[in-house]
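I opened the notebook again today to follow a few strands and one side chain. Here is what I looked up, in the order I went.

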Amino acid sequence: MTASIAAAPEAAVSNISRRTPVAETPSLVGLSRAGIGAELARIGVEQKQIRMRTAQIWNWVYARGVTDFGDMLNVSKDMRQTLSSAFTLKRPEIVTEQVSEDGTRKWLMRFPARGAGRPVEIETVYIPEIGRGTLCVSSQVGCTLTCSFCHTGTQKLVRNLTAEEIVGQILVARDRLGDFPDKATPVGAAVPTEGRLVSNIVMMGMGEPLYNFDNVKEALLIASDGEGLSLSKRRITLSTSGVVPEIPRAGTEIGSMLAISLHAVRDDLRDMLVPLNRKYPIAELLEACRNYPGLSNARRITFEYVMLKDVNDSPADARELVRLLKGIPAKINLIPFNPWPGVNYQCSSWETIEAFSDIVNRAGYASPIRTPRGRDILAACGQLKSESERMRARERLALEAMITDDGE
């Protein structure tokens, strides 16, 4: 693609709308209350009305799930028209929706280019279980970490997602599942039999959340706001591969549950599986975990451990894992490896996983074995990826110049 654009840019952009780019209409989704207030002030809303209008918008968007300002029935008609002309509440575009034989749903969502040269796509997964529905949310398009067992790691980082785009994934899921008031659940959809359909959020989708700290923070504070999406912080889990300097900030400023993608008990092996370990080795990572703000038996850290045949699954590995985690309130999620095209790893046998779990359990740690979900649609842990790639600067400039010239 790179060569064809450089040599024959007109052919490469034949399917792109030929018009002068226009500025995007700003969205109020993903803004804090202060951010919404600032936007209202910018368009001339009287200062004495801003607090009330902000509260109204917040309730309609996050508690009731409206996508049209015209549906905000306790807002005056003139104000609704003003808001409609200045802002948008639009959702991400759903490119595809796949439903697994086990009820897991995967959405491919598309967002504007925002510096990437072309629109970008990410994947979001909904996992229904008895008593809860978990939404696996992405924080980046692609990833920088290149973990050798992870499909997402084979996709270069394109860009960070904005707070709007992270929150948008939650709103889309609630829309599609009928999880807002007056919305209907699709006939035959696998969802919890009672309670909220999206009851838990895990930042375990595409990307490393702590390398997009500010946007992830803003989105999760919106998700946990009691007057909006109203998810308990104990039902929100942020997973990191070990960006040590940001872990204390996550505890203090976000306050969610923490999960660590550990996957190995020796630095030499973890260097290969999780290359970030070369920068923040195991001892440094675990020290940050011991000092995680709010850590207690009621707020344990989850350590994620993917089970790779003949790589990290021996009884000796299990005993060393127990030794390393001594003194840290924790549980260990054992994750059967989920294959993807081209990978060289294999999943440990079920007998090996159970033997590993028994050693950890006998040491006093909860060690559940995660049931693989959505494997048939590549929606399981470590399988997410999109086709988005960042265009090179010269390609973007050539493309933008062509569109602008053609539209004049």
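**Strand E3 and its partners**

I began with strand E3, residues 120–129, and found it mostly covered, with eight of its 10 residues buried. I kept in mind that this is a predicted model.

Next I asked how E3 is joined to strand E2, residues 105–111. The two run antiparallel, with seven bridges between them. On this side I noted one pair: Thr124 in E3 has Trp107 standing opposite.

Then I turned to strand E4, residues 132–136, which also runs antiparallel to E3 and is joined to it by five bridges. Here I looked up Val125, and its bridge partner in E4 is Cys136.

What lies between E3 and E4? I found a hairpin with two residues between the strands. Gly131 sits in the turn, and I wrote down its positive phi of about 90 degrees.

**Arg176**

My second stop was Arg176, which I located in helix H6, residues 163–177. Is Arg176 buried, partly exposed or exposed? Its relative accessibility is 36%, so I logged it as partly exposed, since that value falls between the 20% and 50% cut-offs.

I then listed its contacts, leaving aside neighbours within four places in sequence: Ile94, Glu97, Trp107 and Pro186. Trp107 was already in my notes, as the residue opposite Thr124.

For Glu97 I checked the side chains, and a polar contact of 2.6 Å joins Glu97 to Arg176. For Pro186, 10 residues from Arg176 along the chain, I noted a C-alpha separation of 7.5 Å.

Definitions and conventions:
Residues numbered from 1 in each chain as written. Predicted model: local features only at pLDDT ≥ 70, side-chain atom pairs only at ≥ 80, totals over all residues. Heavy atoms only, no water. Buried < 20%, exposed > 50% of the residue type's maximum accessible area, 1.4 Å probe, protein only. Helix = DSSP H or I, 4+ residues; strand = E, 2+ residues; numbered from the N terminus. Pairing = 2+ DSSP bridges. Contact = heavy atoms within 4.5 Å. Polar contact = N/O pair within 3.5 Å; in protein donor to acceptor, adjacent residues only side chain to side chain.
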